[in-house]
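Here is a short set of exercises to work through with the model open in your viewer. Try each task first, then follow the solution step by step.

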Amino acid sequence: MTDLRRVLLHGILEAGQGATADEIWKILDRMLGGHAPSHGSIQRNLNLLVQHGVLRRDVGANRVWRYDIASAYRETSPAITFVNAETGRHIPLRSLKIAALLYRAAAEYGLVLKSAAITVAPSNSERDCQAPSPSI
């Protein structure tokens, strides 16, 4: 995963679902203070990310290519489950947004998500629902 591909993925996320290569370039230009990579470099990397299944490319009736993170469209997503720490019960996670987030997190490290299990415990109080405070 090169720095350009990391920045490109951030630009795609910022541009939103169904962004064109030109829209992504404009976002990158703004993000990088007017120093966006060339259109050709962006297109080569978009093609590579599509080839490796990180991105999905849709072609509309007007023949314009639009891009989005592939995980949001997977019909069969990998097994993502919550595992109850007290009972061991597996609870399938059916949130495309969380699945897409996990895919993006893996992609930032040049990885592909195959499955994920998150150990959870029943909440006994409001205190359990709060984010842990950072230790110093």
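**Exercise 1.** In this predicted model, find how helix 2 and helix 3 cross, and list the residues that make the contact.

*Solution.*
Step 1. Start with the axes: those of helix 2 and helix 3 come within 10 Å and cross at roughly 115°.
Step 2. Next comes the hand, and this crossing is right-handed.
Step 3. Now collect the side that helix 2 brings to the contact: Ala-21, Asp-22, Ile-24, Trp-25 and Leu-28. Helix 3 answers with His-39, Ile-42, Gln-43 and Leu-46.
Step 4. Sort the residues of this contact by class, and you get six nonpolar, two polar and one charged.

**Exercise 2.** Work out how helix 1 is oriented against helix 2, and say which residues touch.

*Solution.*
Step 1. Helix 2 covers residues 21-31, and it packs with helix 1 at an angle of about 110°, the axes being 9 Å apart.
Step 2. Angles of 65 to 115 degrees count as roughly perpendicular, so helix 1 is roughly perpendicular to helix 2.
Step 3. The crossing of helix 1 and helix 2 is right-handed.
Step 4. From helix 1, the contact uses Val-7, Leu-8, His-10, Gly-11, Ile-12, Glu-14 and Ala-15. From helix 2, it uses Ile-24, Ile-27, Leu-28, Arg-30 and Met-31.
Step 5. The class count for helix 1 with helix 2 is eight nonpolar, two polar and two charged residues.

**Exercise 3.** Do the analysis again for helix 1 and helix 3: give the crossing angle, then the contact residues.

*Solution.*
Step 1. Helix 1 spans residues 3-15 and helix 3 spans residues 39-51; their axes come within 11 Å and cross at roughly 85°.
Step 2. Helix 1 and helix 3 are therefore roughly perpendicular to one another.
Step 3. On the helix 1 side you should find Leu-4, Arg-5, Leu-8, Leu-9 and Ile-12. They meet Ser-41, Ile-42, Asn-45, Leu-46, Leu-48 and Leu-49 of helix 3.
Step 4. These residues divide into eight nonpolar, two polar and one charged.

**Exercise 4.** Three strands form an open sheet: determine their order and how they pair.

*Solution.*
Step 1. The order of the sheet is 4-3-5, and its pairing is mixed.
Step 2. Strand 4 (90-92) and strand 5 (115-120) are the edge strands, each pairing on one side only.
Step 3. On average, neighbouring strands of this sheet are turned by 30° against each other, direction ignored.
Step 4. Take the parallel pair next: strand 3, residues 79-84, pairs with strand 5 over six bridges. To check the register, look for Thr-81 opposite Ala-117 of strand 5, and for Asn-84 opposite Val-120 of strand 5.
Step 5. Then take the antiparallel pair, in which three bridges join strand 3 to strand 4. Here Val-83 stands opposite His-90 of strand 4.
Step 6. Finally, inspect the hairpin of strand 3 and strand 4: it has five residues between the strands, and Gly-88 takes a positive phi near 80°.

**Exercise 5.** Describe the pairing of strand 1 and strand 2, and find the residue with a positive phi in their hairpin.

*Solution.*
Step 1. Strand 1 (residues 55-59) and strand 2 (residues 65-69) run antiparallel and are joined by five bridges.
Step 2. For the register, Asp-58 stands opposite Arg-66 of strand 2.
Step 3. The hairpin of strand 1 and strand 2 has five residues between the strands, and among the residues of this hairpin Arg-63 takes a positive phi near 65°.

**Exercise 6.** Is Ala-99 buried or exposed?

*Solution.*
Step 1. Locate Ala-99 in helix 4, which runs over residues 96-108.
Step 2. The relative accessible area of Ala-99 is 4%. The cut-off for buried is under 20%, so Ala-99 is buried.
Step 3. Look also at Leu-113: from Ala-99 it is 14 residues away in sequence and 9.2 Å away in space, C-alpha to C-alpha.

**Exercise 7.** Summarise the protein chain by its secondary structure, burial and contacts.

*Solution.*
Step 1. The protein chain has five helices and five strands, and along the sequence they follow the pattern α-α-α-β-β-β-β-α-β-α.
Step 2. Of its 136 residues, 27% count as buried.
Step 3. Take the contacts between residues at least 6 apart in sequence: 50% of them join residues at least 24 apart.

Methods:
Residues are numbered from 1 along each chain as its sequence is written. This is a predicted model: local features need pLDDT of at least 70, side-chain atom pairs count only at pLDDT 80 or more; totals for chains, interfaces and linings use all residues. Side-chain values use heavy atoms; hydrogens and water are left out. Two strands pair if DSSP finds at least two bridges between them. Helices (H or I, at least four residues) and strands (E, at least two) are DSSP runs, numbered from the N terminus. Axes are lines fitted to C-alpha atoms, for helices over the stretch in contact, and angles run from 0 to 180 degrees between N-to-C directions. Angles under 35 degrees count as roughly parallel, over 145 as roughly antiparallel, 65 to 115 as roughly perpendicular and the rest as oblique. Contact means heavy atoms within 4.5 Å. Ala, Val, Leu, Ile, Met, Phe, Trp, Tyr, Cys and Pro count as nonpolar, Asp, Glu, Lys and Arg as charged, and the others, Gly among them, as polar. A crossing is left-handed if the near helix is turned anticlockwise from the far one by less than a right angle, and right-handed if clockwise. Buried means under 20% relative accessible area, exposed over 50%, partly exposed in between (1.4 Å probe, protein chains only).
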